[in-house]
Amino acid sequence: MSFAVDAPPAHVVLPWVHRVFSNFKRWSYGTFHGLRDKHIDIYANEFVFRWNRRRQFQSNIDTMLGLGRRIGCITWRDVVGDTWKWKHDHQAQVLAMVDPERLKRAEQYAFDNGMDIFDALDDIRREEKRHKYHRRQPERPALPPRRHGEQRNTRRYIHPPSLAPTEMAIGYLRHIPIGSKITGSGKRLMA
């Protein structure tokens, strides 16, 4: 490979390329504190999405909310790949995390139905009765008991009733009672 001797530096000829890559590096170190080679395409896709919408904040938010609504919740396993190949490459590790009793039932279920152990585990889990966890009552209350005469006020702020359109047109302040020092007598003045 030969280089031109009198060629200008690359950052002069291609300033935008260098700017994009420097922004990509700065963004990756600031957001993810570094990148992994295995997932570089996912990082690059997110950067391109943000770069293309960097000046239209509102459309950026609208697009992200729309995508999130359409796609739904995505877990880490969805990103890195919960594939058949991954499961079988890590079968020993995955099965070591399963309860031994459940694993025995799943192995028998898989044998009886001629299916994969992971599909059998999914079917077994769906058939199991879910345990509901009830929150236990604390031994002592978190707040001290109320003193005599204290009343529990759980009401939230209640807005005062709205004024009639004629009163709004006059422009009275509804939080100042008529007849006070500010308003004077009970007569209303027309503006």
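**Figure 1. Helices and overall make-up of the predicted model.** The protein contains ten helices and zero strands, and the structure shown is a predicted model. Read along the sequence, its elements follow the pattern α-α-α-α-α-α-α-α-α-α. Of the 191 residues of the protein, 13% count as buried, and the accessible surface comes to about 17,800 Å², with 56% of that area belonging to carbon and sulfur atoms. Among the contacts with a separation of 6 or more, 19% are accounted for by residues 24 or more positions apart.

**Figure 2. Helix α3 and the elements that cover its buried residues.** Helix α3 runs over residues 40–52 and has 13 residues, and from its first C-alpha to its last it reaches 18 Å, close to the 18 Å expected at 1.5 Å a residue. Within α3, the residues Tyr43, Phe47, Phe49 and Trp51 are buried. The cover over the buried residues of α3 includes α2 (15–31) and α4 (57–71).

**Figure 3. Trp27 and Ser28 in helix α2.** Trp27 lies in helix α2 and is buried, with a relative accessible area of 13%. Once its neighbours within four places in sequence are left aside, Trp27 is in contact with Phe32, Tyr43, Glu46, Phe47 and Arg50. One of these partners, Phe47, is 20 residues from Trp27 along the chain, and the C-alpha atoms of the two are separated by 8.0 Å. Ser28 also lies in helix α2, and because its relative accessibility is 3%, under the 20% cut-off, Ser28 counts as buried. With neighbours within four places in sequence again left aside, Ser28 is in contact with His33, Gly34 and Leu35.

**Figure 4. Aromatic pairs and the cluster that includes Trp27.** A search of the whole structure finds six aromatic pairs. In one of them, the rings of Trp27 and Phe32 have their centres 5.3 Å apart and their planes at 85°, so this pair is edge-to-face. Phe32 itself is partly exposed, with a relative accessible area of 31%. The rings of Phe32 and Tyr43 have their centres 4.9 Å apart and their planes at 50°, so this second pair is tilted. The pair of Phe32 and Tyr43 links distant parts of the chain, with Phe32 in the loop between α2 and α3 and Tyr43 in helix α3, eleven residues apart. At 12% relative accessibility, Tyr43 counts as buried. Taken together, Phe24, Trp27, Phe32, Tyr43, Phe47 and Trp51 form one aromatic cluster.

**Figure 5. Arginine side chains over tryptophan rings.** The charged end of Arg54 sits over the ring of Trp51, 3.9 Å from its centre; Trp51 is one of the buried residues of α3 and is also a member of the aromatic cluster. In a separate case, Arg19 lies over the face of Trp16, at 4.8 Å from the ring centre.

**Figure 6. The salt-bridge network of Arg102, Arg105 and Glu128.** Side chains of opposite charge can pair when their charged atoms come close. A search of the whole structure finds four salt bridges, and Arg102, Arg105 and Glu128 are linked in a network of such bridges. Glu128 forms a salt bridge with Arg102, in which the closest N and O atoms are 2.6 Å apart. This pair links distant parts of the chain, as Glu128 is in the loop between α9 (117–127) and α10 (165–170) while Arg102 is in helix α8 (residues 100–113), 26 residues apart. Arg105 forms a salt bridge with Glu128 as well, the closest N and O atoms being 2.3 Å apart. The pair of Arg105 and Glu128 likewise links distant parts of the chain, from helix α8 to the loop between α9 and α10, with the two positions 23 residues apart in sequence numbering. Each member of the network counts as partly exposed, with relative accessibility of 23% for Glu128, 27% for Arg102 and 38% for Arg105.

**Figure 7. A salt bridge within helix α9.** Asp123 forms a salt bridge with Arg126, and the closest N and O atoms of this pair are 2.8 Å apart. Because Asp123 and Arg126 are three residues apart in helix α9, they are separated by about one helical turn. Asp123 is buried, with a relative accessible area of 17%, whereas Arg126, at 56% relative accessibility, counts as exposed.

Note on methods. Residues numbered from 1 in each chain as written. Predicted model: local features only at pLDDT ≥ 70, side-chain atom pairs only at ≥ 80, totals over all residues. Heavy atoms only, no water. Helix = DSSP H or I, 4+ residues; strand = E, 2+ residues; numbered from the N terminus. Buried < 20%, exposed > 50% of the residue type's maximum accessible area, 1.4 Å probe, protein only. Contact = heavy atoms within 4.5 Å. Areas by Shrake-Rupley, 256 points an atom, 1.4 Å probe, with all protein chains shown as cover. Expected span 1.5 Å × (residues − 1). Salt bridge = Lys/Arg side-chain N within 4 Å of Asp/Glu carboxyl O. Phe/Tyr/Trp six-rings, centres within 6.5 Å; stacked < 30°, edge-to-face > 60°. Lys NZ or Arg CZ within 6 Å of the ring centre and 35° of its normal.
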